[in-house]
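Please walk me through this model in the viewer, one selection at a time. Tell me what to pick next and what is found there.

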Amino acid sequence: RAVCLAGCDICVGKTATGKLFAVGDKAPPTGLSFSVGGEVEGDTIVEPQYGCTFDIANGQPVGTWCPSPPIVGGVIGAIMGGPMAVSVFDVRQDFFSGDIQVLTDVNAKKAYEADYWKGLLDAQGKDDGSYY
């Protein structure tokens, strides 16, 4: 299931053994949602479009990058920049209520844009006198 928390699309799921996990919902290489056809196999999640497999513990790709469809998948994977990891979030389930809690950085967007937007811009560039 995909949810939007603090501006991040996050896919939350369980493995067959009952282990709870949360990963970024945009699957490399093209950004297709894991919630639309993604399959959990053991401790990995498989991206539905090109068959890329990711470890749910660390987000790193496992096995061959873009194995499907043969030839075309490999070409697309190479054009899109090669193997990429997915974001992994700490997650837990409350014992009594069953509510799921995902640890996200609510200031991530602000920190990412900090170098670009420093306040009101003047006609010369940034508010501190520097230029773009």
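Start with the nonpolar interior of this predicted model. Select Val-23, Phe-34, Ile-45, Cys-52 and Phe-54: these are the residues with the most contacts inside the largest nonpolar core, which has 13 residues. Nonpolar side chains tend to be buried together in soluble globular proteins.

Keep Ile-45 selected and show what surrounds it. Which residues is Ile-45 in contact with, leaving aside its neighbours within four places in sequence? They are Phe-21, Phe-34, Glu-39, Val-40, Cys-52, Thr-53, Phe-54 and Ile-56.

Next, select Ile-10, Val-12, Phe-89 and Val-102. They are among the six residues of another core, which lies apart from the largest one.

**The whole chain**

Zoom out and colour by secondary structure. The protein has two helices and 12 strands. Read from the N terminus, the order of elements is β-β-β-β-β-β-β-β-β-α-β-β-β-α. Of the 132 residues in the protein, 28% are buried. If you turn on contacts between residues at least 6 apart in sequence, 33% of them join residues at least 24 apart. With the surface switched on, the accessible area comes to about 8500 Å², and carbon and sulfur atoms account for 56% of that.

**The sheet 1-2-3-10**

Select strands 1, 2, 3 and 10. These four strands form an open, antiparallel sheet in the order 1-2-3-10. Its edges are strand 1 (2-5) and strand 10 (88-89), each of which pairs on one side only. Strands of a sheet pair through backbone hydrogen bonds, either parallel or antiparallel.

Now narrow the selection to strand 3, residues 20-24, which pairs with strand 2 in the antiparallel sense over five bridges. To follow the register, pick Gly-13, which stands opposite Phe-21 in strand 3. Then pick Ile-10, whose position is opposite Gly-24 in strand 3. The hairpin of strand 2 and strand 3 has five residues between the strands, and Gly-18 there takes a positive phi near 95 degrees.

Strand 3 is also joined to strand 10, by two bridges, and the two run antiparallel. Select Ala-22 and Phe-89 to see one pairing: Phe-89, in strand 10, is the bridge partner of Ala-22. Is strand 3 largely enclosed or left open by the rest of the structure? Five of its five residues are buried, so strand 3 is largely enclosed by the rest of the structure.

For a contrast, go to Cys-4 in strand 1. Cys-4 is exposed, with 54% relative accessibility. A distance drawn between the C-alpha atoms of Cys-4 and Gly-24 reads 10.0 Å, while the two residues are 20 apart along the chain.

**The sheet 6-7-8-9**

Select strands 6, 7, 8 and 9. They make up an open sheet of four strands in the order 6-7-8-9, with antiparallel pairing. Strand 6 (39-41) and strand 9 are at the edges with a single partner strand each, so one side of each has no neighbour in the sheet.

Zoom in on strand 8 (residues 53-55), which pairs with strand 9 in the antiparallel sense over two bridges. Thr-53 is a good residue to pick here; opposite Thr-53 stands Val-62 in strand 9.

**The salt bridge**

How many salt bridges does a search of the whole structure find? The search finds one. Show Lys-26 and Asp-9 as sticks: the closest N and O atoms of this pair are 3.4 Å apart. Lys-26 belongs to strand 4 (residues 26-27) and Asp-9 to strand 2 (residues 8-14), so the pair ties together parts that are 17 residues apart in sequence. Lys-26 is partly exposed at 46% relative accessible area, and Asp-9 is partly exposed too, at 35%.

**The nonpolar surface patch**

Finish on the surface with Ile-71, Val-72, Val-75, Ile-79 and Met-80. Together these residues form a nonpolar patch with about 510 Å² of accessible area. Within the patch, look at Ile-71, which sits in the loop between strand 9 (61-62) and helix 1 (72-79). Is Ile-71 buried or exposed? Ile-71 is exposed, with a relative accessible area of 72%.

Note on methods: Residues numbered from 1 in each chain as written. Predicted model: local features only at pLDDT ≥ 70, side-chain atom pairs only at ≥ 80, totals over all residues. Heavy atoms only, no water. Salt bridge = Lys/Arg side-chain N within 4 Å of Asp/Glu carboxyl O. Buried < 20%, exposed > 50% of the residue type's maximum accessible area, 1.4 Å probe, protein only. Patch = residues over 30% accessible without salt bridge, like charges linked within 9 Å, V, L, I, M, F, W, Y side chains within 5 Å. Areas by Shrake-Rupley, 256 points an atom, 1.4 Å probe, with all protein chains shown as cover. Pairing = 2+ DSSP bridges. Core = buried A, V, L, I, M, F, W, Y, C linked by side-chain atoms within 4.5 Å. Contact = heavy atoms within 4.5 Å.
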